[in-house]
Each structure stands twice: as structure tokens, then as C-alpha cells.
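Work through these exercises with the model open beside you. Try each task before reading its solution.

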Amino acid sequence: MAAQRFQLRPRAPRAELWMDVSFQLQLDAEREHLMVKQSFFGVFGAKAAKHGLFHYDYERNKADGYPDAHLQVYGVSELFTTLNDPRVDTGRSLAQVHFPVGGKRFRPCLEDVIEFLIVERLVEARENYEKVLEAGRETFRRNQLMAAMRRDRATVEAFVERYGTHDRAPA
């Protein structure tokens, strides 16, 4: 399946803004749960633009040494240009820098990206958007926490030992 870019409602008159959102899912090692293999959230100024404002990527077990979860920003920085080693990085742009953003479990979710676009006044918000975004964000975070707990039972046991289960209602 191929992602299809969709149009956003920018606040600036006569501006265009488009977004790509894509996910590739697969079963986990135990074949019990779907997990994200790759995700992409990108914001662009035209339907077919190759370069845009920014994009968030997540690639599970990324093999090229870059962070699995990262942000790339299309922009210019004179400082970055001077920091490039001319023997190795001639012509490397800021858009090629992979800023780490929380790793496998604590990376930004789609709701975070949408909220960013709203609070930075780049797009028009719908009424009560906060409730919708918070509900989606909470679901994402709970799923990530449960996945982390499945992979780190010793920490879960230490938590239960330290804090007990007395706050839990009887079954």
C-alpha cells in the first residue's frame, strides 16, 4: 500500500500545506501483537514536493547507525554549514541531520505532530481538538507502556514490590 498525501488547512492565506502519514505494521516476535515497523509523518508545501518543512521517521532496528526515531528539518543553518567536515560532508544540508526523538518506546505520536502544527499557528484547528488529540495520545502512550512492560518484566516486578498493588480495586 502506498501513502497518499492529504491537504491541511493552513492559517496563512493562499498557502498550501500537505501531510504524509504512513505506518508499516508487523507481528511482534511472539506473534501476539501488531507493532510498528516503520512510520513517517511529514509536512510539505505542495502535493508532489520532495522537500518540505520537516518529517518524523521511525524505523525499527535502523541499520545505518542513525537513531530509530528521528526528526529531520528542512532548513538552513550557517553554523551547521561551518561544522561540516569538508573532507567528508561537502554539501550536507540540515535536512540530512537525524535529530533523535525518544527512541523505540517514547517517540512522538501523530497527535503530537498535529498539536505542534496547531500551537505553532500553521494550521486551523477544529473545535475541541484538544480532547481528540489527548485521547489518541493517551492510547498511544498506554500501548507503548504495555509493550515496554512486556519486554522488561524485572522492572515491573520491582515496581510492584516497591509500590505494591494496594491501589488496585478488588477483582
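## Exercise 1: The largest cavity

S3, S4 and S5 each give at least two residues to the lining of the largest cavity. The model is a predicted one.

**Task.** Find which residues line the largest cavity, and which element gives the largest share.

**Solution.**
1. Start with the count: there is 1 cavity of 30 Å³ or more.
2. Its space comes to about 60 Å³.
3. List the lining: Ser39, Phe41, Tyr56, Asp57, Tyr58, Ala69, His70, Val101, Arg107 and Pro108.
4. Sort these lining residues by type: 6 are nonpolar, 2 polar and 2 charged.
5. Assign the largest share: S4 supplies 3 residues.
6. Now look at the strands. S4 and S5 run antiparallel and are joined by 5 bridges. Asp57 stands opposite His70 in S5. Both Asp57 and His70 belong to the cavity lining.

## Exercise 2: The sheet

**Task.** Trace the strand order of the open sheet, and state which strands lie at its edges.

**Solution.**
1. Read the order of the 6 strands: S1-S2-S3-S4-S5-S6, with antiparallel pairing.
2. Pick the edges: strand S1 (6–7) and strand S6 (99–100) each pair on one side only.
3. Check the S1 edge. S1 joins S2 through 2 bridges. Phe6 stands opposite Met19 in S2.
4. Move inward. S2 and S3 pair over 10 bridges, in the antiparallel sense.
5. Inspect the connection. S2 and S3 form a hairpin with 6 residues between them. Arg31, in the turn, has a positive phi of about 60°.

## Exercise 3: Gln26

**Task.** Place Gln26 and decide: is it buried, partly exposed or exposed?

**Solution.**
1. Locate Gln26 in strand S2 (residues 18–27).
2. Compare its area with the cut-offs. Buried means under 20% and exposed means over 50%. Gln26 has a relative accessible area of 30%, so it is partly exposed.
3. Find its bridge partner in S3: Met35.
4. List the contacts beyond four places in sequence: His33, Leu34, Met35 and Lys37.
5. Check one distance. Gln26 and Lys37 are 11 residues apart along the chain, yet their C-alpha atoms are separated by 6.3 Å.

## Exercise 4: The largest pocket

**Task.** Describe the space and the lining of the largest pocket.

**Solution.**
1. Take the volume: about 540 Å³.
2. Count the lining: 24 residues. Leu34, Met35, Val36, Arg107 and Gln144 lie nearest the centre.
3. Name the elements giving two or more residues: S2, strand S3 (34–44), helix H2 (110–119) and helix H3 (129–151).
4. Find the largest share: H3 gives 7 residues.
5. Sort the lining by type: 12 nonpolar, 4 polar and 8 charged.
6. Link back. Met35 is the bridge partner of Gln26. Arg107 also lines the largest cavity.

## Exercise 5: Core and open helix

**Task.** Identify which members of the largest nonpolar core touch the most other members, then explain why helix H4 lies largely in the open.

**Solution.**
1. The core has 18 residues. Leu8, Met19, Phe54, Tyr56, Val113, Leu117 and Val123 touch the most other members.
2. S3, strand S4 (54–59), strand S5 (69–73), H2 and H3 each supply at least two core residues.
3. Follow Val123. Beyond four places in sequence, its contacts are Leu8, Arg9, Pro10, Arg11, Leu17, Leu117 and Ile118.
4. Turn to H4 (residues 153–163). Of its 11 residues, the number buried is 0, so H4 lies largely in the open.
5. Finish at Gly164, which follows H4 and has a positive phi near 70°.

Notes: Residues numbered from 1 in each chain as written. Predicted model: local features only at pLDDT ≥ 70, side-chain atom pairs only at ≥ 80, totals over all residues. Heavy atoms only, no water. Helix = DSSP H or I, 4+ residues; strand = E, 2+ residues; numbered from the N terminus. Buried < 20%, exposed > 50% of the residue type's maximum accessible area, 1.4 Å probe, protein only. Contact = heavy atoms within 4.5 Å. 1 Å grid on protein atoms, 1.4 Å probe; cavity = no way out; pocket = protein on both sides within 12 Å on 5 of 7 lines; lining within 4 Å. Points joined across faces, edges and corners; volume = space filled by probe spheres on them. Nonpolar A, V, L, I, M, F, W, Y, C, P; charged D, E, K, R; others polar. Core = buried A, V, L, I, M, F, W, Y, C linked by side-chain atoms within 4.5 Å. Pairing = 2+ DSSP bridges.
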